[in-house]
Amino acid sequence: DRKHPERAPPHARTSKIGCTASKDQTTTMSADELREKTGPYGYVAGEGFTTCMLHHGHKLDTDNRARAPPIFQTTSFEFKSAEHGGALFELSQLGPIYTRLMNPTTHVLEYKVAKLEGAPCKAHGDCDNATTLPNALAVASGQSAQMHALLTFMSSGDNFVASSELYGGTYTQFKYSFANLGIEARFFNAANPDEAASLIDENTKCIYLETISNPSSTVPDFEKYVEIAKTNQIPIVCDNTFGQGGWTCKPLAWGADIVVESATKWIGGHGTSIGGIIVDGSSFDWRVKKADGSLKYPLVAGPQESYHGGDFANHPIFGVDACNLVFILLARVKTLRDMGGCIAPFNAFQLIQGLETLSLRCKAHCENANQLAEWLNGHEAVKEGSVLSISLPSHPSHELAKKYFRPNSFGSVFTFELAGDTEDQARERGKKFITALKMCAHLANVGDARTLVIHPASTTHQQLTTEQQIAAGVKPAGVRISVGYEDLEDIKADIDQAFAVARA
């Protein structure tokens, strides 16, 4: 960039579309070596976050050369011959068959998110949908993403340990729906890794975390959880929804093995389309065995009965010793095939449009959230000490956020409580406050361009008991705010007038 040489060294090798530059020509280091030196949020020539969200994953078609990813709004794709169809179904060739499993529009989204989350992307190549394989899988929703991810390697009789401070829908899915399938979720305090370790036994299949707990904003100490996971030879699955698609946090860089997230939130960013993403860090060896010598993960490492007993874990292309894409491939061609929670191509396109402004929006979200949290923290209408934003030094997870997150990025969702002489008065003031807001929207979502508010105890976590709400970090009078990027003074003005109504 001649006008702005500080953005990209003038002799650096960059890639116009694929973001696959292997060398920074100003050094003798490879891109991977540079990434290790600069950290997960540092700059690598040709692979800047914003560059990749715009250019990675979309290969121009040779016939029409459409610059924006086309929408392949079709159920099926015609085979070139009987032999070609058979090769696709037996997976000896890659390529689209049926939109439930794969779609060129959806693949663009998958390639992009995998890259932004920091997956190794060894099979991305030039992102040719007919010959390469994304390190990610897009599905119908965030709930669908976590379900498909876990059911790829767990079955009846298994258990997993999960943070108790979860999104309400995740908690109920794990606590009740998974129990109906014979899979037990064991909950622990996210701030206490030792408690998680104490719940693990030989049938435990993973540790499940959220990057930023919803709504308490607890940040897990990844290093400690990685140590526990390695000791027990189990993967870490991390919901990175609040990590903003890899902008604020990249759990894979800190030792997580699989990322799941709702693309509905910051990735889409405009409240128009629902979707979810699973990203494979290609870091876990699924061939590990139990003490008795049996496979610990037979659903992944064992014979694939629906593919004539094939050994996927040792496959020369996507096996563990090759690209190690066996998990994400089976999530697609087995779990998604059978469970069917696919995303529509149009929704994938909408999410791609959102993704192309992700870094710009997240900067604005985080800047507004940091300043708003500080302002609310000293406001007379707010209960002292109740602003649970990790941007504040007073938050218990502030130092962990500084350690694991992009500098000055702490996400853009937090909770606070209105002040009151009694708990009942504070709760009533909270309800009046939400009703009195004029610009800020009252709805069940986060990560929208607009500022959103909700009362979790009576909505998102309403189906939990009082004890479960407390364990999840939900306060009876708490208000959750997802800070948008409107002008900050306008957000403050709306909140101030609502405070006045609530306290009248």
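This tour moves through a predicted model, going from a sheet to one of its edge strands, then to a pair of helices and finally to a loop residue.

Residues are numbered from 1 along each chain as its sequence is written, and side-chain values use heavy atoms, with hydrogens and water left out. Because the model is predicted, local features need pLDDT of at least 70 and side-chain atom pairs count only at pLDDT 80 or more, while totals for chains, interfaces and linings use all residues.

**The sheet**

Begin by selecting the seven strands that form an open sheet with mixed pairing, in the order E1-E7-E6-E5-E4-E2-E3; strands (E, at least two residues) and helices (H or I, at least four) are DSSP runs, numbered from the N terminus, and two strands pair if DSSP finds at least two bridges between them. Strand E1 (136-139) and strand E3 (184-188) stand at the edges with a single partner strand each, so one side of each is left without a neighbour in the sheet. From one strand to the next the twist averages 20 degrees, where angles run from 0 to 180 degrees between N-to-C directions and axes are lines fitted to C-alpha atoms, for helices over the stretch in contact.

Next, select helix H6 (residues 168-180), which packs on the sheet and touches strand E2 (159-163), E3 and strand E4 (204-210); contact here means heavy atoms within 4.5 Å. Helix H10 (residues 326-339) also packs on the sheet, touching E1, E6 and E7, and its direction makes about 30 degrees with that of E1.

**Edge strand E1**

Now select E1, which pairs with E7 in the antiparallel sense over four bridges, with Gly-276 in E7 as the bridge partner of Val-139. Both faces of E1 are covered, since Ala-136 and Ala-138 on one side and Leu-137 and Val-139 on the other are all buried, a term that means under 20% relative accessible area, with exposed over 50% and partly exposed in between (1.4 Å probe, protein chains only).

**Helices H4 and H11**

Move to helix H4 (residues 104-117) and helix H11 (residues 345-355), whose axes come within 8 Å and cross at roughly 35 degrees. Among the residues that meet here are Val-108 and Leu-109 in H4 and Phe-349 and Ile-352 in H11.

**Ser-389**

Finally, select Ser-389, in the loop between helix H12 (358-377) and helix H13 (398-404), where Ser-389 is buried, with a relative accessible area of 6%. Not counting residues up to four places away in sequence, Ser-389 touches Ala-373, His-395 and Phe-414.
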